[in-house]
Amino acid sequence: MALPVAEWQGRTARLWAALDPALRERLAAASLHDAVRLGCDLLRMEEEEEAALVQLCHRAPTDKEPEAASWYREQGNREFKQGHYQAALRLYSKAASHESPGSPEMSVCFANRSAALLHLGHFEVCLEDIARAESHGYPDRLLPKVLLRKAECLLCLGRLQDAQDVLGELESKISLDGVMATHLTRLKKLNQLKVKLREKERCPEPAGEAHGGIQGKSEIWEENSSVSGASSSLSLSFDAGRGRHLVASQDIVPGQSLLKEEAFVSVLCPGENLPLQGGEAAWDTRASNADLYCHRCLRQLLASVPCQGCSYAKYCSQDCADVAWQRYHRTECSLGALLLTLGVFCHVALRTVLLAGFAEVSRLVGCSHSGEKDLQNPEARCKPLNEAGAGIRGIPGCDSNGRYQSSYQALFHLLPHTEQHSAEHKFLCTLSVVAICKQLQAAGLEAAVLNQESPQQWSKPEMCEKTSGELSPELKTVAEAMLRHVLQLQCNAQAITVMQELGPGDGAVVNKKPVRLATAFFPVLSLLNHSCCPNTSVSFSGTAATVRASQPIPRGQEVLHCYGPHQCRMRVAERQQLLSQYFFECRCWACLEELESGVKSLVPIRNSFCCPKCRAQMQGEEDTLCCSNEACATSASRENLSCRLQDLQQQIKKALDLLGVGKADEAIKMLLKCQMDAGNFLSPEHLLMGEMEDHLAQVYATLGKWQEAARHLKKSIEIVEMHHGPSSVETGHELFKLAQILFNGFAVSEALSTIQRAEGILSVHFGPQSAQIQELQEMKACLSELPRNILQRT
């Protein structure tokens, strides 16, 4: 959720409509500096709006709730007893996030979670959780079962002496306990572990080769002397029409790395489960992004380390938690509910100024006042604005040496498009950032924001119910910078995406989909202009972005990135409408070809309805569609056909739900019926036809019917290639799944050729070190080691 919740948007819209027309005009024409000051005055007078915002925050609580912790722990115990260890793991983590640090209940959460980790085979992480349980005062009477678990982990890891020491400690504890009957089960387990230990000592496992996976080819990289993180094959250019942009300074080949940049700032998108519905005494057991990924580095979580102050922030390690606290979370912690209510853009804006530091923020805001018009004028920006605004090359954002870096200065000079945003939108953004700054002041966090507080003073302040009062001049400066960043984000926000597994992820064929994980500022990546047919591909690893050439880029050609609407997915009219949010009219060759040459997009043809009688394409711009075959002349209502499409999509969802509960045969029957129904009114090339083939492949793979699965997936690949192209990342992902199916079905020669093709496509988009490439290479190595007579037969 980039913008504030709908209720806050509605309240600000009504407040805007009720303003005196003269004041609305004044606000519409106001600079960022003046808008903040007017917003401060308005919000101070509108106490009802402040009270309403406080109530909205109650719907997204981030405080620790002991009752929630107890409930989650009980749910985790229930899942654990049923053998659902992954679900139990998530629930124990949710419970830990609500417990008070250092409490016995917290130690029990960690101990319970360690049991789930042991069953899942995560022995190192299990040991970490056992250490956490001990450090939080795990009850001495329960310690023997934790020590048994610890010894078993050490044994599995081959740390025999450590296991021997723990078993010795366990024996001592049991012998000191007078009631031996309570330890009979543990004594039996202990004796079993001692037998295993002796066997391992007598017959140690051979020290085989390190299982680090097959190493991909290393990438050749020479950094640009003028643009940090960019390849030396690029150069930075500037003109009035295209602004700052990157151009190939030499011929570039597909797959070549062009840019590697760590996000200046990133904020995890919470997911779809927040906020909870008002006041219900129940807690959600589903896992959202906030439960699955580290809130600092975005690494996937296995056993999260909770923030000591709130129930929301979770980290992959104590180190990440400590760094986040030191750099920004000590300020954000008590504002969690407010930030969730006001949206990710406001959160990114706050974290940006916290990371930049008040001194740098104040300096650049002050400089912008003297050159406000220049900052909004592309022609004027060709010249140096001032010592803070541009380097010796006259390109805004460069330092005094003419180098463009991933810095706050570069970020500050991204265009906010103040004059292009609607006045009502600016009003919403202004009141939102002012509300955050008022809460910072009311909660006693101003010193932390201004970097005037020593680490010894850091502690979690209380959330205040009332935030009235005049903002200090320093916090008005912070609010102005935040408003600038919120407006910048509409055109410069970068979605960090991750391929997320669909389902439990324990099948032979892993099905994944791209998911928006976080919103970030990448100052150097923002130099890339848009094209509906880009020549680059962007991938992410944690908070780092890598840009690679997706096709040959000759010297002198601009390096281009797609902001979302690709020519393969939308017609030009739809693309132009969507791109209007970025305040420019796309003139890429794909748009010009459709607009000026009269070339019709293949998108509507491939995703069209077909005639129920002769199967020709239905066409027309109005509600009534007519068969393109003049001899047929059948007509149909667009609305009726759209309803049939929606019903079909619902039936497909029900079929997948059946698969999710293990009813594969019923899922197949339903999908085959959907396929038959779809053939009566959808084009054979419709993307949904391909999706159904993909789903059928998934179900047959679940049943181990590899030939049937491969047959359906090949049909899906044909349709994906028609829509996205044979070298697209979408085709690469489908080929990866086909390689898994052929590998599991022992179709050796076909698997090897599919692996080679998938590897060629995916290495261009993700590089030779990506997880998918590593897995493909492991499959290839496994198949290549088979006896020659088997290879010849297959």
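Which residue forms a salt bridge with Glu759? Here are a few notes on this predicted model, starting with that pair.

1. The partner of Glu759 is Lys780, and their closest N and O atoms are 3.1 Å apart. Glu759 sits in helix α30 (residues 748-766) and Lys780 in helix α31 (residues 771-784), so this salt bridge ties together parts 21 residues apart in sequence. Glu759 counts as buried at 14% relative accessibility, while Lys780 is partly exposed at 29%.

2. The structure holds 26 salt bridges, and another one worth a look is Lys314 with Asp291, where the closest N and O atoms are 3.6 Å apart. This pair links strand β6 (residues 314-315) to helix α12 (residues 289-292), 23 residues apart. Lys314 is buried at 5% relative accessibility, and Asp291 is buried at 13%.

3. For a pair within one helix, try Lys673 and Asp677, with closest N and O atoms 3.2 Å apart. Both lie in helix α26 (residues 664-678), 4 residues apart, or about one turn of the helix. Lys673 is exposed at 53%, whereas Asp677 is partly exposed at 30%.

4. You may also enjoy the salt-bridge network that links Arg113, Glu128, Asp129 and Arg132.

5. Turning to helix packing, the axes of α19 (residues 423-442) and α21 (residues 473-492) come within 9 Å and cross at roughly 140 degrees. That makes α19 oblique to α21, and the crossing is right-handed. The residues in contact include Val433 and Ile436 of α19, and Met482 and Leu483 of α21. The contact residues divide into 11 nonpolar, 4 polar and 1 charged.

How values were computed. Residues numbered from 1 in each chain as written. Predicted model: local features only at pLDDT ≥ 70, side-chain atom pairs only at ≥ 80, totals over all residues. Heavy atoms only, no water. Axes fitted to C-alpha atoms, helices over the stretch in contact; angles between N-to-C directions. Helix = DSSP H or I, 4+ residues; strand = E, 2+ residues; numbered from the N terminus. Parallel < 35°, antiparallel > 145°, perpendicular 65-115°, else oblique. Left-handed = near helix turned anticlockwise from the far one by under 90°. Contact = heavy atoms within 4.5 Å. Nonpolar A, V, L, I, M, F, W, Y, C, P; charged D, E, K, R; others polar. Salt bridge = Lys/Arg side-chain N within 4 Å of Asp/Glu carboxyl O. Buried < 20%, exposed > 50% of the residue type's maximum accessible area, 1.4 Å probe, protein only.
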